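Hello,

Here is the structure I promised to pass on to you. Please have it open while you read, as my notes follow below.

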Amino acid sequence: MAVLKRSKMVVIGAGNVGEAIAYTLMLRRQASEIVLVDLNEDRAMGSALDIAHGTAFFRQARIRKGGYEECADAEIIIITAGIARKPGQTRLDLAKTNVSIIKSITRSIMQYAADPMIVVVSNPVDIMTYVVQKESGLPSEQVIGTGTGLDTARLRYLISEKCKVDVCDVNAFVLGEHGDSQVPIWSRATIGGSSVEGFLADKGETLDTDELAQKARDSGAEVIALKGATFYGIAMTVSRIVEAITENENAVLPVSHVLGDDFEDWKDVAISMPCVLNRHGIAKTIHIPMSIREKEAMDVSTRTLKEFLAKVLEEEEEKKEEA
C-alpha cells in the first residue's frame, strides 16, 4: 500500500467520539489536514470550526467538514459513526442496528478510495471491523479495529494505581473481545521484568486479579453511567494507533482485525491480539503465550463473537428478503 506524504485524516462521524478524535489528532500534531464527515452537516461544520478556532495556538492544521470524496487521498480513514451505546446496553446489542450503517459507510468510502487504511472505532468494534473488512474487500491488515486498546489502557492504569508505579512501566494486555468476554493476560503482565503478583509479594501485598479485571471491564459502563458517554479515552487510543502507523514505529499494540488461517479455531473472526503496527498497517500478529485458563477464556471470547456475528448477519439477510 502506498502511503501519502501528506498526513490527511478523514473522520467519519462528528459526534462526541469523532470530535474528540479530531481534536486529539490536532492537539498532538498528527495531521496537516483533518476532514469531518457526517450526515448532520451542521454538526460536522460546528465541530470543525470549534477545533479550527484553536489552531492559532498550535501549528496551522486545516480542519473542515467534507464528504466521502475526501477519502480518495486520505492517509487514514477513521470510522466512528453509528448509534451510541446506551446505559445498561452491551456492545453486542448495538450490532443489529449498526451493521447496516457501517456497510453503507464502507461502500461510500470504497467508491472514492482505491486502497485505504481504515481504523474502526464504531461499536461493537469487533463486529464492525469484520463487516468493514468483508464489505471493503481490503486485506485484513489494512482494516484495524481499536479493539481492546482502551481496555488494556484501563487495566494498566488500575495496576499502576494498585502497585504505585508509573503506568508507562506496566506491561499488560487485555485481548479477545472488546466487551464482556475480554481476557486479561495476567501470566504475561509485568512491572520492570517482574510479574505483577511478584512485584506486590515483595511488598507483602496480594492482588485480586479477578476484581481488577472486572474493574477494567466495567470501566466503560461506569463512565457512561456517570456522564452519558466515553470519548476521551478512545480518542487517545485512536491517536496512539495513528501514531504507530504514520511514524512507521513497528509498535506492538492490542488491536482487532480479522485473523487468518494460522489462528485455526480463531480464524475469520475479528478479535484483539498484540500486533506490530507500521505504515503498512498490521505487519505481524503475535502469538502470545498464554496459560491454559487464558487460552480457554480466549476460546470462549472467540465463540461468543462468532455466534453473535452469525446471528446478526442472518437476521439482516432475513430483513432483506422481507423487504
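A good place to start is the surface: Tyr23, Leu27, Phe57 and Phe58 make a nonpolar patch of about 420 Å². Patches are built from residues with over 30% relative accessible area and no salt bridge, with like charges joined within 9 Å and nonpolar side chains (Val, Leu, Ile, Met, Phe, Trp, Tyr) within 5 Å. A salt bridge here is a side-chain nitrogen of Lys or Arg within 4 Å of a carboxyl oxygen of Asp or Glu, and accessible areas come from the Shrake-Rupley method with a 1.4 Å probe, where for residues only the protein chains shown count as cover.

Before going on, please note that this is a predicted model, in which local features need pLDDT of at least 70 and side-chain atom pairs count only at pLDDT 80 or more, while totals for chains, interfaces and linings use all residues. Residues are numbered from 1 along each chain as its sequence is written, and side-chain values use heavy atoms, leaving out hydrogens and water.

Back to the patch: Leu27 belongs to helix H1, residues 16–27. Helices (H or I, at least four residues) and strands (E, at least two) are DSSP runs, numbered from the N terminus. Leu27 counts as partly exposed because its relative accessibility is 35%; buried means under 20%, exposed over 50%, and partly exposed in between.

Helix H1 also holds Val17. Beyond its neighbours within four places in sequence, Val17 is in contact (heavy atoms within 4.5 Å) with Thr80, Val121, Thr230, Phe231 and Ile234. From C-alpha to C-alpha, Val17 lies 9.6 Å from Ala84, although 67 residues separate them in sequence.

Thr209 sits in helix H7, residues 209–227, and counts as buried because its relative accessibility is 14%. Its contacts, again leaving aside neighbours within four places, are Trp186 and Glu197.

Now for the strands. An open, antiparallel sheet of 3 strands runs in the order E7-E10-E11, and its edge strands, E7 (170–171) and E11 (194–195), each pair on one side only. Two strands pair if DSSP finds at least two bridges between them; E7 and E10 (residues 190–191) have 2. Asn171 stands opposite Thr190 in E10.

Finally, there are 2 aromatic pairs. In one of them, the rings of Phe263 and Trp266 have centres 6.4 Å apart and planes at 15°, so this pair is stacked. Rings of Phe, Tyr and Trp (its six-membered ring) pair if their centres lie within 6.5 Å; planes under 30 degrees apart are stacked, over 60 edge-to-face, and the rest tilted. Phe263 and Trp266 are both buried.

Best wishes

Notes
Buried means under 20% relative accessible area, exposed over 50%, partly exposed in between (1.4 Å probe, protein chains only).
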